[in-house]
Amino acid sequence: MKRLFLLLLCLGAIVTHSLAQNAKQAQDTTKVYYVAADAMPKYPGGYGALRAYLTLTLRYPDDAQKAGVEGKLLMLYTVTKDGSIKNISVKGCSLVTPDGQRCDKGTGGKLWKQNKKYAKAFIQEAKRVISLMPKWEPAMLNGKAVEVAYSLPFNFKLR
């Protein structure tokens, strides 16, 4: 199969953070929560629809595919009170070279410097896909919509 697709989500690996503080903090409408007590934000149609969206939308960066480099990312973003996405960032990124060597920014070194451009391509693609998502159902706390930080793993794997 010429077109290599990536394994997007390890089932159950969608990492969600939503933290309900106390009732006084819930009144702070500008606070971003990491755990919501009442209801987590939901992608329209649920988890299956999110997987389908990612499978159809995410593209393996051509240069990384040609070089045989794989990547794992953990992307962070905020689901706002109206369900839109903001503050997209990367929490972590690691690469695997064709010969099986692993590297990430933390380990640095020559191997990371040689493959850093692939990490940037993976991050750019993950940001593109997240930014194109439709509005989510917002998280709820004490009957009110709240902003919640959300994390989503991406696994760029060659088949």
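V129 is in contact with Y53, L54, T57 and L58, leaving aside its neighbours within four places in sequence. V129 belongs to helix 4. The model is predicted. Across the protein chain the pLDDT averages 81, and 80% of the residues score at least 70. Over residues 1-28, however, the pLDDT is below 50.

**Confidence**

- Residues 1-28 have 82 contacts in the model beyond near neighbours in sequence.
- Where pLDDT is low, the predicted coordinates should not be read in detail.

**V129 and its surroundings**

- V129 has a relative accessibility of 0%, so this residue counts as buried.
- R59 lies 70 residues from V129 along the chain, yet their C-alpha atoms are separated by 8.9 Å.
- Among the contacts of V129, outside its neighbours within four places in sequence, are Y53 and L58.

**Helix 4**

- Helix 4 covers residues 109-131, which makes 23 residues.
- At 1.5 Å a residue, helix 4 should span 33 Å. The C-alpha atoms at its ends are 31 Å apart, so the expected span and the model agree.
- A kink of about 55 degrees occurs in helix 4, and N115 is at its centre.
- N115 is also one of the buried residues of helix 4. Others on that list include L111, W112, Y118, A119, F122 and I123. Further along, E125, A126, V129 and I130 are buried too.
- The helices packed against by the buried residues of helix 4 include helix 2 (47-57) and helix 3 (62-67).
- These buried residues also pack against strand 2, strand 3, strand 4 and strand 6 (144-156).

**Strands 2, 3 and 4**

- Strand 2 spans residues 70-79 and strand 3 spans residues 85-96. The two pair in the antiparallel sense over 9 bridges.
- L73 has C93 of strand 3 as its bridge partner.
- The hairpin of strand 2 and strand 3 has 5 residues between the strands. In this hairpin, G83 takes a positive phi near 90 degrees.
- Strand 3 also runs antiparallel to strand 4 (residues 102-104), and 3 bridges join them.
- Opposite L95 stands C103 in strand 4.
- The hairpin of strand 3 and strand 4 has 5 residues between the strands. Here G100 takes a positive phi near 90 degrees.

**C103 in strand 4**

- C103 is part of strand 4.
- Its relative accessible area is 3%. Buried means under 20%, so C103 is buried.
- C103 touches S94 and L95, as well as L111 and W112, not counting residues up to four places away in sequence.
- Of these contacts of C103, L111 and W112 are among the buried residues of helix 4.
- C93 is 10 residues from C103 along the chain, and their C-alpha atoms are separated by 8.9 Å.

**T97 in the loop**

- T97 sits in the loop between strand 3 and strand 4.
- With a relative accessible area of 8%, T97 is buried.
- The side chains of T97 and D99 make a polar contact (2.3 Å).
- T97 is in contact with G68, L111 and N115, leaving aside its neighbours within four places in sequence.
- N115, one of these contacts of T97, is the residue on which the kink in helix 4 is centred.

Conventions: Residues numbered from 1 in each chain as written. Heavy atoms only, no water. Pairing = 2+ DSSP bridges. Helix = DSSP H or I, 4+ residues; strand = E, 2+ residues; numbered from the N terminus. Buried < 20%, exposed > 50% of the residue type's maximum accessible area, 1.4 Å probe, protein only. Contact = heavy atoms within 4.5 Å. Polar contact = N/O pair within 3.5 Å; in protein donor to acceptor, adjacent residues only side chain to side chain. Expected span 1.5 Å × (residues − 1). Bend = angle between axes of the 7 residues up to and from the residue. pLDDT = per-residue confidence, 0-100.
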